[in-house]
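I opened this notebook to record what I looked up, beginning with the chain as a whole and then turning to single residues.

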Amino acid sequence: MAFRKPPDGGWGWVIVVVSFFTQFLCYGSPLAVGVLYLEWLDAFGEGKGKTAWVGSLANGIGLLASPVCSICVSSFGARPVAIFSGFMVAGGLMMSSFAPNIYFLYVSYGIVVGLGCGLLYTATVTITCQYFDKRRGLALGLISTGSSVGLFIYAALQRELIELYGLDGCLLIVGALSLNILACGSLMRPLESSSSPPPEKSCVDKVPDQYFVYREKEKTVEENISILEKGYIDEKCMNNAPDCKQDSILNKNVLSSINVNEKDTYRKKVVEQTNFCKQLAKRKWQLYLTYWKDTVVLFKNKVFSALFVAILLFDIGGFPPSLLMEDVARSANISEDDYYMPLISIIGIMTTVGKLILGILADFKWVNTLYLYVTTLLMTGVALFAIPFAKSYLTLAMLSGVLGFLTGNWSIFPYVTTKTVGIEKLTHAYGILMFFAGLGNSLGPPIVGWIYDWTQEYDTAFYFSGFCVLLGGFLLLLAALPCWNACTNQSSKLPPNTYSYKVASNA
């Protein structure tokens with residue numbers, strides 16, 4: 001199917017609206033899972049580390065499965081995937097209301113809901129990129145705020161629903177709300193040309209003629225013909241053994257009566273098909289080798305290697321507050337009467353503000369996006385170290401706002417990746433980095449929970465989190481320093497299609 005030029009408007013704005021609400025509906029509950037986390041702790045009586053796996057899987061499994069999600073959207077289209085994923089998210093939430101134990105939640109909430117969110121994220125981004133070209137940055141920025149707004153609203157909504165209907169009723173209602181994803185997905189009309197193009201040639205016809213020009217020996221042709229003849233005779237023998245000899249004689253007579261030109265054409269087609277399969281397998285193997293060679297080249301870039309470590313450590317240390325902050329407040333014996341707003345809601349709204357402001361800063365030519373990203377990492381580490389000293393709602397709310405704002409550095413992460421590896425390798429590099437980001441999301445909250453189970457206090461856990469983020473930030477800063485680049489450039493050159501951060505103002 002041929003696609004016309006992106007209209008940068010028109011129905012594309014409908015796509016932006018439905019993609020915004022899709023991310024709002026699917027990511028609202030998983031991002032605000034900290035409210036449910038407290039209820040699951042009381043309901044099942046498991047340790048904090050074991051219970052934290054539910055929320056971490058729901059947020060990390062979509063990133064871990066991002067290659068599979070991309071293949072599904074490429075194969076079936078954004079609209080079918082969005083509708084199917086809507087059933088997954090709604091079904092997973094509703095099944096979670098009947099969970100008899102924490103292990104059931106690992107599957108229903110962690111894997112089913114998490115995978116559905118990953119598919120929906122890929123579908124919304126893909127369909128938006130198809131409809132927008134010049135305004136693509138604006139469109140993607142608008143739909144990305146849907147998840148942050150969902151975090152802000154769902155944190156208060158789920159808390160209110162739990163008070164009115166209990167945990168099971170809350171999950172049923174939230175799952176029913178997620179069914180609106182089906183309506184949003186049905187509006188994701190694919191961008192197709194109005195006039196249907198002529199039918200394309202088959203895969204074999206598309207292959208250049210050079211793939212069919214081979215100097216095969218006559219022996220190879222005869223082997224191919226004899227294999228086909230033998231297969232025909234063996235099949236007849238298995239079906240009717242007594243007539244096997246007679247059928248063999250008749251078959252030889254039939255083959256001998258074929259016109260010489262037809263037999264040559266038949267032989268030629270067999271040779272062409274055989275060698276086409278050989279060339280296809282060879283090309284697939286070459287693509288596989290090229291992929292791994294490109295991956296090795298990426299990791300030869302010291303800035304990319306440091307960026308890979310930094311994003312992994314940042315998600316291990318920086319993601320737990322959005323899941324555990326409510327329990328931190330309860331552990332500090334803060335009265336519910338002092339709550340003016342859920343701490344997770346503060347993180348959500350400030351994440352939206354952070355995405356917008358950091359994204360605007362990244363567009364200024366005098367701002368080095370890599371150093372800006374490193375600054376957010378170092379400040380996040382300092383804020384995590386300050387959490388154990390917060391003993392009131394006001395101080396926890398302020399730290400939640402700071403952490404939420406700094407978490408908005410996700411909006412500049414694609415800029416950093418592009419500057420590091422080049423636009424040609426962006427897709428490959430970004431996929432690798434997102435996989436390890438998902439790994440960090442999945443491991444961070446359980447590790448913090450296990451440290452609490454071991455020490456019976458959050459101080460050590462958040463010191464560990466702050467150390468992880470600071471370590472990643474310092475490693476990335478060290479790799480990006482001009483003096484380091486000057487030393488490494490004397491011994492070896494950067495891989496092609498990569499950029500150096502030697503001059504901060506021009507990065």
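Entry 1, the whole chain. I began with contacts between residues at least 6 apart in sequence, and found that 83% of them in the protein chain join residues at least 24 apart. I note that the model is a predicted one. For secondary structure I recorded 21 helices and 0 strands in the protein chain. I then looked up burial: of the 507 residues in the protein chain, 46% are buried. The accessible surface of the chain amounts to about 25,500 Å², and carbon and sulfur atoms account for 65% of that surface.

Entry 2, a surface patch. I looked up a nonpolar patch on the surface and found that Trp13, Leu138 and Leu142 form one of about 260 Å². I placed Leu142 in helix H7, which covers residues 136-178. Is Leu142 buried or exposed? I found neither: its relative accessible area is 38%, so Leu142 is classed as partly exposed, because that class lies between the 20% limit for buried and the 50% limit for exposed.

Entry 3, Tyr339. I located Tyr339 in the loop that runs between helix H14 (320-331) and helix H15 (343-362). Its relative accessibility is 15%, so I entered Tyr339 as buried, the cut-off being under 20%. Which residues does Tyr339 contact beyond its neighbours within four places in sequence? I listed Arg159, Glu326, Ala329, Ile334 and Tyr393. For the pair Tyr339 and Ala329, I noted a separation of 10 residues in sequence and a C-alpha to C-alpha distance of 9.9 Å.

How values were computed:
Residues numbered from 1 in each chain as written. Predicted model: local features only at pLDDT ≥ 70, side-chain atom pairs only at ≥ 80, totals over all residues. Heavy atoms only, no water. Patch = residues over 30% accessible without salt bridge, like charges linked within 9 Å, V, L, I, M, F, W, Y side chains within 5 Å. Areas by Shrake-Rupley, 256 points an atom, 1.4 Å probe, with all protein chains shown as cover. Salt bridge = Lys/Arg side-chain N within 4 Å of Asp/Glu carboxyl O. Helix = DSSP H or I, 4+ residues; strand = E, 2+ residues; numbered from the N terminus. Buried < 20%, exposed > 50% of the residue type's maximum accessible area, 1.4 Å probe, protein only. Contact = heavy atoms within 4.5 Å.
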